[in-house]
Structure formats: structure tokens, C-alpha cells
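This report describes how the helices of one model are arranged and which residues form its interior. Please consult the sequence and the structure shown below while reading.

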Amino acid sequence: MISTKIKEIIEEQGRTQLWVISKMNEANPKLNMDRVKFSAIVTNRRKMTGDELLAFCKATEINPDVFIS
């Protein structure tokens, strides 16, 4: 599940959701990611778009392949 993997990555890196959101918006300013949207993704109440996933990967410097299993 993507939400579980996102939580794991954030925790492993010692990041906060606010930090990740900020970096995602730097990677793709058109996202307009905010706390409500990101929280909904992390709690599996909202699906993550492809653009959001790529921005998350850029923000956390991970390969998108970690989500393929």
C-alpha cells in the first residue's frame, strides 16, 4: 500500500510531513500540495496522483521503483 510506504520513508528519513510537502511543491509548484491533501494520502483516504508520487520521490530522493512490488 502506497500510504504505508510513504509513512515508512518519512519515518526512516526523520522528516516531517511539512518538510515533505514543502519539497514536493518545490519539485512541482503546480501540485499545490497542502497538509490536508497530504494527510489524506498518508492515511489512505485519498489516492496519490502520478505527479504527486514523482514529486514525493524527488523530495525524498528515492527511486519510484520502491512503490512497485
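## Helix packing and core

Helix α4 is followed by Glu-61, whose phi is positive, near 55 degrees. Helices here are DSSP runs of H or I with at least four residues, strands are runs of E with at least two, and both are numbered from the N terminus. The model is a predicted one, in which local features need pLDDT of at least 70 and side-chain atom pairs count only at pLDDT 80 or more, while totals for chains, interfaces and linings use all residues. Residues are numbered from 1 along each chain as its sequence is written, and side-chain values use heavy atoms, with hydrogens and water left out.

**Backbone and exposure at selected positions**

Glu-61 is not a glycine, yet its phi is positive, at about 55 degrees. Asn-44, also a residue other than glycine, has a positive phi near 65 degrees. The table gives the location and accessibility of these two residues and of three others. In it, buried means under 20% relative accessible area, exposed means over 50%, and partly exposed lies in between, computed with a 1.4 Å probe on protein chains only.

| Residue | Location | Relative accessible area and class |
|---|---|---|
| Ser-3 | helix α1 | 4%, buried |
| Thr-16 | loop between α1 and α2 | 47%, partly exposed |
| Asn-44 | loop between α3 and α4 | 45%, partly exposed |
| Glu-61 | segment after α4 | 74%, exposed |
| Ile-68 | segment after α4 | 66%, exposed |

**Helix α3 and its partners**

Helix α2 (residues 17-27) packs with helix α3 (residues 35-42) at an angle of about 110 degrees, and their axes are 10 Å apart. The angle makes α2 roughly perpendicular to α3. Axes are lines fitted to C-alpha atoms, for helices over the stretch in contact, and angles run from 0 to 180 degrees between N-to-C directions. Angles of 65 to 115 degrees count as roughly perpendicular, those under 35 as roughly parallel, those over 145 as roughly antiparallel, and the rest as oblique. The crossing of α2 and α3 is right-handed; the term applies if the near helix is turned clockwise from the far one by less than a right angle, and left-handed if anticlockwise.

On the α2 side, Gln-17, Leu-18, Val-20, Ile-21 and Met-24 meet Arg-35, Phe-38, Ser-39 and Val-42 of α3. Contact means heavy atoms within 4.5 Å. By class, six residues of this contact are nonpolar, two are polar and one is charged. Ala, Val, Leu, Ile, Met, Phe, Trp, Tyr, Cys and Pro count as nonpolar, Asp, Glu, Lys and Arg as charged, and the others, Gly among them, as polar.

Helix α1 also packs with α3 at an angle of about 110 degrees, with axes 8 Å apart. This makes α1 roughly perpendicular to α3. Ser-3, Ile-6, Lys-7 and Ile-10 of α1 meet Phe-38, Ile-41 and Val-42 of α3, a contact with five nonpolar residues, one polar and one charged. Not counting residues up to four places away in sequence, Ser-3 touches Ile-41, Val-42 and Asn-44.

**The nonpolar core**

A nonpolar core is a set of buried Ala, Val, Leu, Ile, Met, Phe, Trp, Tyr and Cys residues joined through side-chain atoms within 4.5 Å. The largest one has 19 residues, of which Ile-6, Met-24, Met-33, Phe-38, Met-48, Phe-56 and Phe-67 touch the most other members. Two or more residues come from each of α1 (2-13), α2, α3 and α4 (50-60). Helix α4 gives the largest share, five residues. In soluble globular proteins, nonpolar side chains tend to be buried together.

Met-48 is in contact with Ile-2, Ile-6, Met-24, Ile-41, Leu-53 and Phe-56, leaving aside its neighbours within four places in sequence. In α4, the buried residues are Glu-52, Leu-53, Ala-55, Phe-56, Cys-57, Ala-59 and Thr-60, and what covers them includes α1, α2 and α3.

**The segment after α4**

Ile-62 lies in the segment after α4. Its C-alpha atom is separated by 8.8 Å from that of Ile-9, 53 residues apart along the chain. Leaving aside neighbours within four places in sequence, Ile-62 is in contact with Ile-9, Gln-13, Phe-56, Cys-57 and Phe-67. The C-alpha atoms of Ile-68 and Ser-22, 46 residues apart along the chain, are separated by 25 Å. For Thr-16 and Pro-64, 48 residues apart, the C-alpha separation is 20 Å.
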